[in-house]
Amino acid sequence: MSAPIRIALFASGTGSNALALLRAGRELAPAVRLSELICDRADAPILDKLTDFDVKSHLIERNDGKKEHEAAILRILRAARADWIFLAGYMRLLSPDFVQQWRRWHGGAQQVVNIHPSLLPAYPGLDAVQRAVAAGETRIGVTLHHVDEGMDTGAIIAQDTVPYHPGEGLDALMARVHALEHRLYTGFLRDVAAARVPTTPFQENP
Ligand code: GRF
């Protein structure tokens, strides 16, 4: 049996995507192993929700500069020999240096992905759903995409939409958006586990 594909989750907040991935990952073991969770906020609710899962959480707050912060994360992921990074509500942009280091460790493959609540390239960045609603959109999108050096600019993996019924509260809409995010993200995890999406393993000295 080949070694599990090792995935690191990054989350800064509620962590509903991270939890959906952890649940799916448990079913998909041993093909994949969601081994590490990187969090940059001590008050992130996700940190209190991990007791049922065999995942190692690392709280790495950004006290020093971005360079030191990212170097600390890279040290952990290198020790863990992580193959993929799944960003799940991680509210910081990864620097070009970070993204490029990751690519070098994975034979040039772009093995960082992110979920974003809009039909990219529309509404990149923060408050995407609120901006889409304010602009009069009646369908709200979700995009799963590779992460490159830009802000929500990487190659698109999957997209879909949910309806917005004008006048309804944001909470009801967000519940639909999150459900769609979980479906797209766990679908991608299944594709990785089944090797429908190829993985280049971590390799420090190719
Ligand atoms: C999601 O809406 C995701 O698209 C965005 O951040 C939010 C995180 O939600 N990048 P959660 O913490 O996974 O519930």
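**Ligand Site, Helix α3 and Backbone Details**

Q: Which atom of Ile-115 lies close to a nitrogen atom of the ligand, and at what distance?
A: A backbone N or O atom of Ile-115 is 3.0 Å from that ligand nitrogen. Please note that this is a predicted model.

Q: And which side chains have polar atoms by the ligand's oxygen atoms?
A: Asn-17 places a polar side-chain atom 2.8 Å from a ligand oxygen. For Glu-181, a side-chain N or O atom lies 2.4 Å from an oxygen atom of the ligand.

Q: How much of the ligand's accessible area does the protein cover?
A: The ligand on its own has 370 Å² of accessible area, and the protein covers 86% of it.

Q: Where does the ligand sit, then?
A: The largest pocket holds the ligand.

Q: Which residues are around it?
A: The residues around the ligand are Thr-14, Gly-15, Ser-16, Asn-17, Gly-89, Ile-115, His-116, Pro-117, His-178 and Glu-181.

Q: Which helices and strands each supply at least two residues of that shell?
A: Helix α1 (16-28), strand β5 and helix α5 (170-193) each do so.

Q: Changing topic: what about α3, which residues are buried there?
A: Helix α3 covers residues 96-104, and its buried residues are Phe-98, Val-99, Gln-101, Trp-102 and Arg-103.

Q: What do those buried residues pack against?
A: They pack against the strands β1 (5-10), β4 (84-87) and β5 (112-116), and also against helix α2 (66-80).

Q: Now the backbone. Where is there a cis peptide bond?
A: One joins Ala-29 and Pro-30, with omega at about 5°. Pro-30 belongs to the loop between α1 and β2 (32-39). Another cis bond links Leu-120 to Pro-121, where omega is about 15°. Pro-121 is found in the loop between β5 and α4 (128-134).

Q: What is the phi of Tyr-123?
A: Tyr-123 has a positive phi of about 55°, although it is not a glycine. Tyr-123 is placed in the loop between β5 and α4.

Q: Is Tyr-123 buried or exposed?
A: Tyr-123 counts as buried because its relative accessibility is 19%, and the cut-off for buried is under 20%.

Q: What about Ala-195, what is its phi and where does it lie?
A: Ala-195 is another residue other than glycine with a positive phi, near 65°. Ala-195 lies in the segment after α5.

Q: Buried or exposed, for Ala-195?
A: Ala-195 counts as exposed because its relative accessibility is 55%, and exposed means over 50%.

Notes:
Residues numbered from 1 in each chain as written. Predicted model: local features only at pLDDT ≥ 70, side-chain atom pairs only at ≥ 80, totals over all residues. Heavy atoms only, no water. Buried < 20%, exposed > 50% of the residue type's maximum accessible area, 1.4 Å probe, protein only. Helix = DSSP H or I, 4+ residues; strand = E, 2+ residues; numbered from the N terminus. Contact = heavy atoms within 4.5 Å. Near = heavy atom within 4 Å. Polar contact = N/O pair within 3.5 Å; in protein donor to acceptor, adjacent residues only side chain to side chain. Areas by Shrake-Rupley, 256 points an atom, 1.4 Å probe, with all protein chains shown as cover. 1 Å grid on protein atoms, 1.4 Å probe; cavity = no way out; pocket = protein on both sides within 12 Å on 5 of 7 lines; lining within 4 Å. Sits in = over half its atoms within 2 Å of the grid points.
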